[in-house]
Amino acid sequence: MLLLGTGLLAGAQFIDGELYLEINLVSEPTVTITPKTNNTQITVSETDGLISHSFNSSITISIRNPDILVHYAILDYTEIVTETSDNPKEVVRDFFVWENSRLKIKKELQHFLPESFTTEEEALQYAQKHNISAKKIKEIPMLNSTIRIQDENGNICYLETPVKIHSSADIYLQEDDYTYSGDFVLKTMQKNIVLNHFLPLEDYLAGVIQNEIGNNAPGEALKAQAVAARTHALALLLNNKHKADGFDLCRTTHCQVYKGKYLQNEQILQAVRNSASEVLLYNGNITDATYHSCCGGKTEAADIIWKGKPVDYLKGVNCLKEVQNYDLSKESDAHKWIDKDLAEEDMSSWERGALSWHKSISLKQLAKNAGLDYINSIEIIQRGNSGRITEMKLNGNNTITLNSEYQIRQVFGNLLSSFFYIEGSYSANNGAVTIHPKATINIKGRGAGHGAGMCQVGALRRAREGMDYNNILQHYYPGTVINKDWMDE
Ligand SMILES: [Zn+2]
Ligand SMILES: [Zn+2]
């Protein structure tokens, strides 16, 4: 397969009925590529294909003149275009839109004023003088910067970016343990080398779902996870979060964790293949198919976790049947439910660990984490429907309000979830609960993750009980429909 000719930030493309993406693997001043085995060939070529070099050993790539790379200019106007541009005073960026139930890749052309500046300071001075908003000052990524490639024997060559790299077999990047193979795109952004894996969405998913739900999960749970991860990937693309970064998705939890073929097996490949292109739509729109490890009994409403507008298909559902008579937003029910024995025989150790856990933290450490000198009392102000504490106050030399489940987990020392109670006596007053903690705080909790969308432990349980992936998805994202005809070619 040939990479199509690209402009600077070309990114995603539809090729032969597949969506190809650039997944960022490295953004650092220097990149080291090491073949896993001796007979691996790494070919680095300029995009016009005229100059290319092949290597059989480890290579180190750096930017030839990093000091001259970053400069600044003032944005004049942007327009939507269909072609890339060779004009260095214009920058083309891809972005994604959802139109008529289809994913479209559009290009935005940024036109700049003729003046350019070596420092941001100079640009600011010019802008002030000419009454131009400082927001219009942009860093201009350099087209056609030169990279230096050095092999193990000290041989050096130079190429103009962007370059494409093809590896005939697995390679390691930097000191990383994971391997990648196939096609890569390398460009420079500011003073960094940006190295991206260029591959079909489906191959990307086969490197994502095992990190999320494990590679030994039952087939229908893997398929449910594949559809959720595929849908989530499209939702991430449509957010255009990495529009200015030179790639489509990153490989960390910021987007979804991608580790190449690590832990990939036949079941993973089958789950992706047997659900090929399937995504979840709601009223013709891509759903935000968010997911988490373990709800703990009920899933949480997305607007409780992220404080946005209510989302119809993310209002929260009962995950376990036994939970239906508990109102987990009430303190006493939350305690009773956390104390109930739930572990099942066929659960793996991570499932049991996520379903029920204990943790201790000293009162001193808690105060330190919250930025306080000491703590006298802890107030639980609000729990969501899943029992997650979404607002609490720490009273000491000052009062600190923690108003998100994520913040609460961090301050208590990286808890698996904010669905917990503190052991010991507490007093309830008009719905608010006050705890006067001892020197050591013992915490008993359930669940792992934010609790919104599909619960992976629940998906595993449903698959073991014989539920198919569509019904699993329907349970956690009610009202959504599976659709596979969304590519705008
Ligand atoms: Zn990201
Ligand atoms: Zn659950």
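Glu 108 is buried, with a relative accessible area of 12%, and this residue of the predicted model serves here as the entry point to the charged pairs of the chain. Its side chain meets that of Lys 243 in a salt bridge, with a distance of 3.2 Å from N to O. Because Glu 108 belongs to strand β9 (residues 102-117) while Lys 243 sits in the loop between α4 (219-239) and β16 (249-250), the pair ties together parts that are 135 residues apart in sequence. The lysine is partly exposed, its relative accessible area being 25%, whereas the glutamate, as noted, is buried.

Side chains of opposite charge can pair when their charged atoms come close. In this model the count of salt bridges comes to 17, and two further examples illustrate how the partners may be placed along the chain. In one of them, the side chains of Glu 331 and Arg 383 meet at 2.8 Å, N to O. This pair links distant parts of the chain, since Glu 331 is in helix α7 (residues 331-339) and Arg 383 is in strand β21 (residues 375-383), 52 residues apart. Both Glu 331 and Arg 383 are buried.

The other example lies within helix α7, where the side chains of Asp 333 and Lys 336 form a salt bridge of 3.9 Å, N to O. Because they are 3 residues apart in this helix, Asp 333 and Lys 336 are separated by about one helical turn. The two partners are not alike in their exposure: Asp 333 counts as buried at 13% relative accessibility, while Lys 336 is exposed, with a relative accessible area of 52%. Salt bridges can also share partners, and in this way Arg 93, Glu 108 and Lys 243 are joined into one network.

Attention now turns to the metal sites. The zinc ion (ligand 1) is coordinated by four protein atoms, namely NE2 of His 242, SG of Cys 250, ND1 of His 254 and SG of Cys 255, at 2.0 to 2.3 Å. The angles among the 4 donor atoms run from 101 to 116°, and the site is tetrahedral. Along the chain, the donors of this ion follow the spacing H-x7-C-x3-H-C. Two of these residues may be described further: His 242 is buried, with a relative accessible area of 10%, and Cys 250 is likewise buried, with a value of 9%.

The zinc ion (ligand 2) has as its protein donors the SG atoms of Cys 295, Cys 319 and Cys 455, which lie 2.2 to 2.3 Å from the ion. Here the donors follow the spacing C-x23-C-x135-C. Two of them link distant parts of the chain, for Cys 319 is found in the loop between α6 (302-306) and α7, and Cys 455 in strand β28, 136 residues apart. Both Cys 319 and Cys 455 are buried.

Helix α11 (residues 456-464) is mostly covered, with 8 of its 9 residues buried. The buried residues are Gln 456, Val 457, Gly 458, Ala 459, Leu 460, Arg 461, Arg 462 and Ala 463, and they pack against α3 (209-213), α4, β19 (291-292), α8 (349-355), β28 (454-455) and α12 (469-476). Just after the helix, Gly 466 adopts a positive phi of about 100°.

A positive phi is also found in a hairpin formed by β4 and β5, which have 5 residues between them, where Gly 49 in the turn has a value of about 80°. Strand β4 (residues 42-46) and strand β5 (residues 52-55) run antiparallel and are joined by 4 bridges, with Val 44 standing opposite His 53 of β5.

For the protein chain as a whole, the secondary structure comes to 12 helices and 29 strands. The radius of gyration is 26 Å, close to the 23 Å that the globule rule gives for 489 residues, so the chain is as compact as a globular protein of that length. Along its principal axes, the C-alpha trace spans about 75 × 60 × 50 Å. Buried residues make up 53% of the 489 residues. Among the contacts with a separation of 6 or more, 69% are accounted for by residues 24 or more positions apart.

Note on methods:
Residues numbered from 1 in each chain as written. Chains lettered and ligands numbered in written order. Predicted model: local features only at pLDDT ≥ 70, side-chain atom pairs only at ≥ 80, totals over all residues. Heavy atoms only, no water. Salt bridge = Lys/Arg side-chain N within 4 Å of Asp/Glu carboxyl O. Helix = DSSP H or I, 4+ residues; strand = E, 2+ residues; numbered from the N terminus. Buried < 20%, exposed > 50% of the residue type's maximum accessible area, 1.4 Å probe, protein only. Contact = heavy atoms within 4.5 Å. Donors = N, O, S within 2.8 Å, 3.2 Å for Na, K, Ca; no water. Tetrahedral: all angles 85-135°; square planar, octahedral: opposite > 155°, others 65-115°. Pairing = 2+ DSSP bridges. Rg over C-alpha atoms; globule rule 2.2 N^0.38 Å.
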